[in-house]
Structure formats: structure tokens, C-alpha cells
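Student: I would like to learn how the words used for a protein structure are justified by the values behind them. Could we go through one example slowly?

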Amino acid sequence: MSWTPDGYVAVVTLNNFQMYRHIMSPGWTLGWTWARREVIWSAVGAQATEQGDCSRFKGNIPHSCKRNPTFVDLLPGVPYNQQFTNCCKVGVLGAWGQDPSAAVSTFQLSVGSAGTSNRTVRLPRNFTLLGPGPGYTCVTWNVTCTYSQILARKYPSCCVSLSSFYNDTVVPCPPCTCGCQTKDNCVKGDSKILSMVGVNTPKKDNKPLLQCTRHMCPVRVHWHVQHNYKDYWRVKVSTTNFNYRMNYTLWTLVVQHPNLNNVTQVFSFDYKPLVPYESINDTGMFYGLKFFNDQLMEAGPFGNVQSEMLLRKDKNTFTLKEGWAFPRKVYFNGDECQLPPPDAYPFLPNSAYQNLLSFSTFISLFIFFLIAVW
């Protein structure tokens with residue numbers, strides 16, 4: 001932004017251009033490596049996590065002397081002289097597709113022991129971003145950090161279960177979908193741990209405390225084909241949190257299905273849906289629906305949200321055969337959820353078409369009774 005006697009003033013801006021993934025609490029951590037022996041005299045709107053060795057300075061002590069500093073956002077409500085534009089949100093960045101104004105964070109640095117012109121200044125390198133966990137790879141000095149679900153974690157973080165009114169089979173998430181490494185430390189529904197003070201308090205390492213399930217996923221999305229009418233069909237979507245130490249704020253759910261361009265009405269118990277969108281990938285055109293919500297509570301009686309969709313049929317494509325009515329992809333907070341194998345999907349009995357309309361309501365209620373018990 002400007003030059004100083006021994007360096008410059010810089011503004012660092014983080015833009016989250018991910019459509020469906022936001023950076024949630026405890027927020028982002030941004031790091032880099034200096035090209036020389038630069039120091040940071042002061043910071044506004046963020047702070048260094050370590051000061052480093054500043055023993056060579058006797059009078060005015062820099063904010064940070066680390067060769068590879070890391071910075072975090074400030075808390076809301078800090079004094080005005082420590083605030084900067086778009087700062088002080090605990091490092092939380094909204095998803096661009098949800099709220100672009102909440103998808104930016106900015107802070108200012110005064111850098112010393114550095115070049116004082118475009119010819120002598122040296123830009124930092126080796127940028128790192130935690131958001132709040134791993135998964136981001138940063139390239140170029142005008143830093144673009146791309147997210148990889150594979151780098152972030154070995155296993156999926158969510159799974160999908162399926163059911164339908166025309167088949168009494170509830171297809172669960174496969175066993176150990178999200179890894180069973182935490183199976184020995186999971187919590188049963190009647191455990192005394194749940195009555196302990198602080199059981200819902202997140203840990204610094206974000207280690208989950210999961211409810212014991214066969215899939216051991218923090219989040220499960222259930223897709224139920226509920227009714228089949230002459231010109232419409234209805235789906236119910238339920239999202240359940242199994243992590244006692246995490247409630248999700250401003251979370252997103254994205255579903256891809258070829259008929260989601262014809263969503264006629266959404267009966268929203270908890271979700272706040274946006275309009276359908278189109279996307280093109282290597283398998284052709286897909287339509288999706290993005291659900292945005294303020295909060296998904298931690299595991300327990302309130303850790304579940306639901307919504308129903310009424311979709312107009314496309315007579316050229318609609319069918320209940322071969323699993324067509326189930327989603328092609330599901331994403332929670334930008335992470336792709338594991339679907340059951342296609343050969344496990346609820347199948348349509350041969351006699352179903354003759355009895356479909358008259359039988360659907362009874363079976364639908366019966367299936368959801370089974371899900372509630374399960």
C-alpha cells in the first residue's frame with residue numbers, strides 16, 4: 001500500500017471463492033516464509049501466533065520476528081484501534097455462493113527490514129492455509145489456495161442413506177464409511193459421558209466425539225422417495241449430526257439430480273433453499289439444489305434438520321426403475337458424501353406400477369417409522 005523508511009505497509013485479503021464450502025470456527029490460519037530477515041512491526045485486524053526471536057531489537061520490539069510467521073483472525077469486539085475492514089470474525093469465512101460479503105477477510109501489516117521499492121522488495125513465499133484443518137495447497141504469490149478432500153482427510157466426512165415408499169428396505173451407510181479408527185472412543189446413546197459438563201465443547205485439535213454408529217460418520221444425509229403422483233413426485237431430505245463436539249454454523253448441502261430443475265415447492269422444516277442451479281461435468285448436464293442453513297446442532301435430540309421437495313415430472317425421463325430417483329452426488333459443506341453402492345439401492349418390485357399410487361402413502365409412513373426407530 002505504501003513505503004516506510006525500512007519497508008512497507010501491506011494489506012492481506014483472503015477471498016473464499018468456494019461456492020459451497022465455508023471456513024468455520026476456529027477459522028483460518030495463514031502462514032508464509034520471508035525471503036530475507038523481514039520482521040512485522042505491527043498488525044491490525046489479525047495477530048501472529050508467535051513472536052519469535054526478537055533479541056536483536058533493543059528499543060521498539062516488533063510484533064513478530066519469525067522467519068515463517070502464521071496469522072489468525074481476531075475476535076469480534078476488539079478495540080477499534082486493532083480492527084480493520086472485514087476483520088475480527090474468528091477466522092470464519094462464508095461460502096461465496098451463500099453470501100459473497102461474508103466470504104472475505106482482511107488485515108494490515110507494517111513490514112520492516114525489507115526492501116523499500118519495487119526493485120528491492122522481495123515477496124514472501126511458501127504460503128500455507130489451514131481452514132481450519134489441512135487440505136489446502138497454495139501457489140503463486142498472488143496466492144491461490146485450492147482445496148483437496150483427499151489431502152484433508154483419509155476417509156469421507158459424511159455418508160448418504162436411502163429409502164423409498166415402494167420398498168421396505170432402508171439402505172444404510174456402508175459399515176465404517178468414514179473409518180472406524182474412532183470406534184473404540186465413540187459414545188453410546190445411554191452413556192454417562194453425555195451428562196458431563198463440557199461434553200459439547202470443541203477441542204483445540206477439533207477431534208470429534210462421535211455417537212456410535214455402524215458408519216462412524218460425523219454427518220449422515222438421508223434421501224427418502226416419499227410419494228409418486230400423476231404429475232409430481234416428493235422427496236424428503238434429512239441431515240443428522242453425530243458429533244457431540246461440533247455444531248455447524250452457516251452450513252450447506254448440495255444435491256445433484258437430473259430432475260432438480262423442476263422443483264415446484266419446498267416444504268422447509270429447517271432448510272433455507274436457494275434456486276436450482278445447472279452444472280456440467282464429464283457425465284453431462286446435472287441439476288442441483290443448494291440448501292443453506294444457519295445451524296445444525298450437535299449430536300442429540302436437536303441434531304437433525306429436514307426438508308421436503310415437490311418436483312414436477314419430466315415425462316421423457318422420469319422413472320422409479322434402476323435407482324433413477326436417488327441423487328447422483330451429495331455434498332455437505334463442500335465435501336462429497338459417500339453414497340451406497342448402486343446394487344444396494346431400493347429396487348422397484350415388478351408389480352409396483354399397478355399399485356403405486358394407492359399404496360404409496362401407507363408405505364411412506366411405515367418407512368419413516370422404521371427410520372425413526374433405526
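Student: Why does C88 count as buried rather than exposed?

Tutor: Before the answer, please keep in mind that this is a predicted model. C88 has a relative accessibility of 9%, and because buried means under 20% relative accessible area, C88 counts as buried.

Student: And what makes C87 buried or exposed?

Tutor: The reasoning runs along the same path, for C87 has 10% relative accessibility, which is under the limit of 20%, and therefore C87 counts as buried.

Student: How do you know that C87 and C88 are joined by a disulfide?

Tutor: The sulfur atoms of C87 and C88 are 2.1 Å apart, and because a pair of cysteine sulfur atoms within 2.5 Å is taken as a disulfide, we conclude that a disulfide joins C87 to C88. In general, a disulfide is a covalent bond between the sulfur atoms of two cysteines. By this rule the count comes to eight disulfides.

Student: Why is the disulfide of C87 and C88 called left-handed?

Tutor: The torsion about its S-S bond is about -65°, so the disulfide of C87 and C88 is left-handed. The link of C138 and C145, with 105° about the S-S bond, is right-handed.

Student: What makes C138 and C145 a disulfide?

Tutor: Their sulfur atoms are 2.2 Å apart, and since the cut-off is within 2.5 Å, C138 and C145 are joined by a disulfide. As for accessibility, C138 has a relative accessible area of 16%, under the 20% limit, and is therefore buried. C145, with 23% relative accessibility, falls between 20% and 50%, so C145 counts as partly exposed.

Student: How do you know that C186 and C212 form a disulfide, and where in the chain are they?

Tutor: The sulfur atoms of C186 and C212 are 2.0 Å apart, which is within the 2.5 Å that the rule asks for, and the two cysteines therefore form a disulfide. The pair links distant parts of the chain, since C186 and C212 are 26 residues apart, and both C186 and C212 are in the loop between strand 12 (167-171) and strand 13 (219-228). With 95° about the S-S bond, the link of C186 and C212 is right-handed.

Student: Why are C186 and C212 described with the words buried and partly exposed?

Tutor: C186 has a relative accessible area of 18%, which is under 20%, so C186 is buried. C212 has 26% relative accessibility, which lies between 20% and 50%, and C212 therefore counts as partly exposed.

Student: What makes W32 and W34 an aromatic pair, and why is the pair called edge-to-face?

Tutor: A search of the whole structure finds 16 aromatic pairs. In the pair of W32 and W34, the ring centres are 5.7 Å apart, which is within 6.5 Å, so the two rings pair. The angle between their planes is 80°, and because this is over 60 degrees, the pair is edge-to-face. W32 and W34 also belong to one aromatic cluster with W28, F71, F107 and F127.

Student: How do you know whether W32 and W34 are buried or exposed?

Tutor: W32 has 4% relative accessibility and W34 has 2%, and because buried means under 20%, both W32 and W34 count as buried.

Student: Which strands are called edge strands in the sheet with the order 5-6-3-8, and why?

Tutor: This open sheet has four strands with antiparallel pairing. Strand 5 (46-48) and strand 8 (125-130) each pair on one side only, and they are the edge strands. The twist averages 25° from one strand to the next.

Student: How do you know that strand 5 and strand 6 pair?

Tutor: Strand 5 and strand 6 (residues 70-73) share three bridges in the antiparallel sense, and because at least two bridges are needed, the two strands count as paired. A46 stands opposite D73 in strand 6.

Student: What makes T317 partly exposed, and where is T317?

Tutor: T317 has 39% relative accessibility, between 20% and 50%, so T317 counts as partly exposed. T317 is in the loop between strand 20 (304-312) and strand 21 (329-332).

Key: Residues are numbered from 1 along each chain as its sequence is written. This is a predicted model: local features need pLDDT of at least 70, side-chain atom pairs count only at pLDDT 80 or more; totals for chains, interfaces and linings use all residues. Side-chain values use heavy atoms; hydrogens and water are left out. Rings of Phe, Tyr and Trp (its six-membered ring) pair if their centres lie within 6.5 Å; planes under 30 degrees apart count as stacked, over 60 as edge-to-face and the rest as tilted. Buried means under 20% relative accessible area, exposed over 50%, partly exposed in between (1.4 Å probe, protein chains only). Axes are lines fitted to C-alpha atoms, for helices over the stretch in contact, and angles run from 0 to 180 degrees between N-to-C directions.
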